[in-house]
There are 2 protein chains.
Amino acid sequence: MPNYVVGHKVPDSDSICSAIALSYLKTTLGEPTVPARLGELSPETKFILERFGFEEPELKLSYAGESLYIVDHSDRVQGPDDIDDATILGIIDHHKLGDITTSAPLECWIRPVGCTNTIIKMMYDFHDVEIPKDIAGAMMCAILSDTVIFKSPTCTTADIKCVEALAEIAGIDDPKELGMEMFKVKSAVEDTPMRDLVLRDFKDFNMNGNLVGIGQLEVVDLAIFDSFKDDLHADLKALREEGNRHSTILLLTDIMKEGSELLVVSEDESVIEKAYDVKLDNGRVWIDGIMSRKKQVVPPLQDAFGAK
Amino acid sequence: MPNYVVGHKVPDSDSICSAIALSYLKTTLGEPTVPARLGELSPETKFILERFGFEEPELKLSYAGESLYIVDHSDRVQGPDDIDDATILGIIDHHKLGDITTSAPLECWIRPVGCTNTIIKMMYDFHDVEIPKDIAGAMMCAILSDTVIFKSPTCTTADIKCVEALAEIAGIDDPKELGMEMFKVKSAVEDTPMRDLVLRDFKDFNMNGNLVGIGQLEVVDLAIFDSFKDDLHADLKALREEGNRHSTILLLTDIMKEGSELLVVSEDESVIEKAYDVKLDNGRVWIDGIMSRKKQVVPPLQDAFGAK
C-alpha cells in the first residue's frame, strides 16, 4: 500500500505541484508514494499540468487507515475530513502553524518562504536527488503562482533563487514570461458560475472558534469584475449562510496595481474593519499593497479575533 | 532586544544544549539570539556544561512581547505559560506534533530522530556554519543522553553519524565512554528529595482533555531504587492530586537491562493497562524493552485516551 501526499481542499497549483514533486522524491528514496488531491483543479493548475505533461493526481477524499504527507497547510479544516484516522508522516508547508497534531514523531519542513515547492527543492538538495525536467517546470510554475511572479510580500530570496535553478533544469529561458502567460489563464473568468469563482482559491480558517472563509482571485486587471461584482458579493453572502461561517471574504487582487479589493460578508463587520484599520463601504474596500492572504490578510484578522 | 531560544519545562540536556547551539547559529547568521531555560538544571546537564565550559543559560519564565524559538517540544503545556503573548519564530523538535499554533508563518525543523541536536547539526550544515569545539561537545552529549548511548529505539542512523561528526570536531576519541560517565552522574540519587527525583525529567501531556504527567529516571542499575521505591510511589500519588492530573507515571529505566519499571497512580488504571497490554500489580509493572517515553510510552497511551 503506497503512502499519499495531499494538499489542501480547493487545491491550488502549489498543493498539486508539491504533491507531485514530493511523491517523486519519496518514491525515489525507496518509499512508494503517490500524489492525490482533495478537489477539482483550477484552470491555472490544468495549464501547468498540460504544459509539462502530467496527469491529474487521483481525487481521493478519505485517508482512514492510510499514511500520508500533508503539503501546503497544517490547519485541520483545510485537510482531509478523516485525518484523525490516518497516520501523518510529515508536513511540508509555508503557512502559519495550524492545529493539526499527531500521536507519533514525524517530519516537518515548514519555512516562512513564498511557496511549498521552494521547500521541496531544499528536500531534493538535502537528499541529493536530481529533479526531473518536467517536475522542475511544474515546481517553478507553482512558485511563480504563489509569489505572483515575485511581487507578493511573501516572496523571499530563496524563492527567486529556486525559480532560477528550476528554470535551468527545465530548460526555460524566461520564467517571468511563462508566469504572465499563466496569470492570463488565471484571469479568464468568462462563462464561469459565480460559485466556481468564489471557491476557486478558497480556504476556511478557525479563528478562535469562529469559522472564516477567505477566497482570492488574482488577475491582471480588476476591471474584468466590474459587470458582475454584485453577483460575486451576493454569492459570498449565500456561501456564508450555507456554511454557518462568521464571515466570508473575497480578495480581488490586481497583480499589476499591486493591491486588493475586499468583498466582505460578516456577522460583525467591525472585526474586519479593526483588523485592517479600514472602513467598509457597502461591504467593500480597496487596500493598496495587499496581495498575500497568508501574510497580510490572515494574521491581522486572527489577532482581531483574539486567537494566536 | 535579542531573540530567545527555550526548551521545555523541567529542562533536560537536549533542551539546554540545543538552546545553546541554536543561539550560536542564529547569532552567527546575524540574528542576536540568547539561550534561556524554564527550570533548574539536572545533575547530568550541569556535568555537560562544566565539561565544556558553559554558563547556565538565563532562567526566564515570561516571554510576553518577545520573539523566541522553541526547541525540543511543541506542546503548549510544556512551553512558557505566556507563549500566547510571544512571537514564535520557529520550532526545532523531534517529538510528535503538539498543539502549539501561530498566527504567522514560521520556521519548523521537526524530524523523527533521537535528539533535537541532531536536527540542529543539519541546520549548521544547511547554513554552512562551522560548529565551535565546545558547542560540538555539548551537542554530542545531548544526543548520547537522548538516545541512551544509541540503545533507545528512538536512535536513528542520523543520530549515530551526527555523534561521530561532533566527536571529531570536539576532539573526543571515545564518545561512548564519555556517555557512560554522564549516565553514572545521572544515576546518582543519594540525598535527593523524592519530589526532586520525580520531577527530574517530568513532562505533562494533554491527552484528549486529560492531564497526564510522565517522569523518567534512567539509571545504570535499578537496584538503587529498592530502598525508597515506596516513597517515590507515594510522592507520585501526591503529585497527581496537587496537579489535578488524571494520572502520574514514573518510568524507572534500566539502561543496561534495556527495560523499564512503571510506577503508576491513576484515576483509572485500566486505561494504562489497555495502552501497554499489561496488568498492574499494586500500581507497578516491569516491561521489557521500554526505554523511550516519546516513542513507546506516549503514543499508545494517547491512543488509549482516544486522542490523536
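The following questions and answers deal with the two domains of chain A in a predicted model.

Local features need pLDDT of at least 70, side-chain atom pairs count only at pLDDT 80 or more, and totals for chains, interfaces and linings use all residues. Residues are numbered from 1 along each chain as its sequence is written, chains are lettered from A, and side-chain values use heavy atoms, with hydrogens and water left out.

User: How many Å separate the centres of domain 1 and domain 2 of chain A?
Analyst: An automatic or database domain assignment sets the bounds, giving domain 1 (3–184) and domain 2 (194–304) in chain A. Taken over C-alpha atoms, the separation of their centres is 24 Å.

User: Which three residues supply 27% of the area that domain 1 of chain A buries against domain 2 of chain A?
Analyst: Buried area is the accessible area (1.4 Å probe) that two parts lose on being put together, summed over both. Between the two domains of chain A about 1900 Å² is buried, with carbon and sulfur atoms giving 63%. On the side of domain 1, the 27% share, more than any other three residues supply, comes from Val10(A), Lys151(A) and Pro153(A).

User: How many salt bridges does the rule find across the interface of domain 1 and domain 2 of chain A?
Analyst: The rule asks for a side-chain nitrogen of Lys or Arg within 4 Å of a carboxyl oxygen of Asp or Glu. Across the interface of domain 1 and domain 2 of chain A, the number of salt bridges found is 0.
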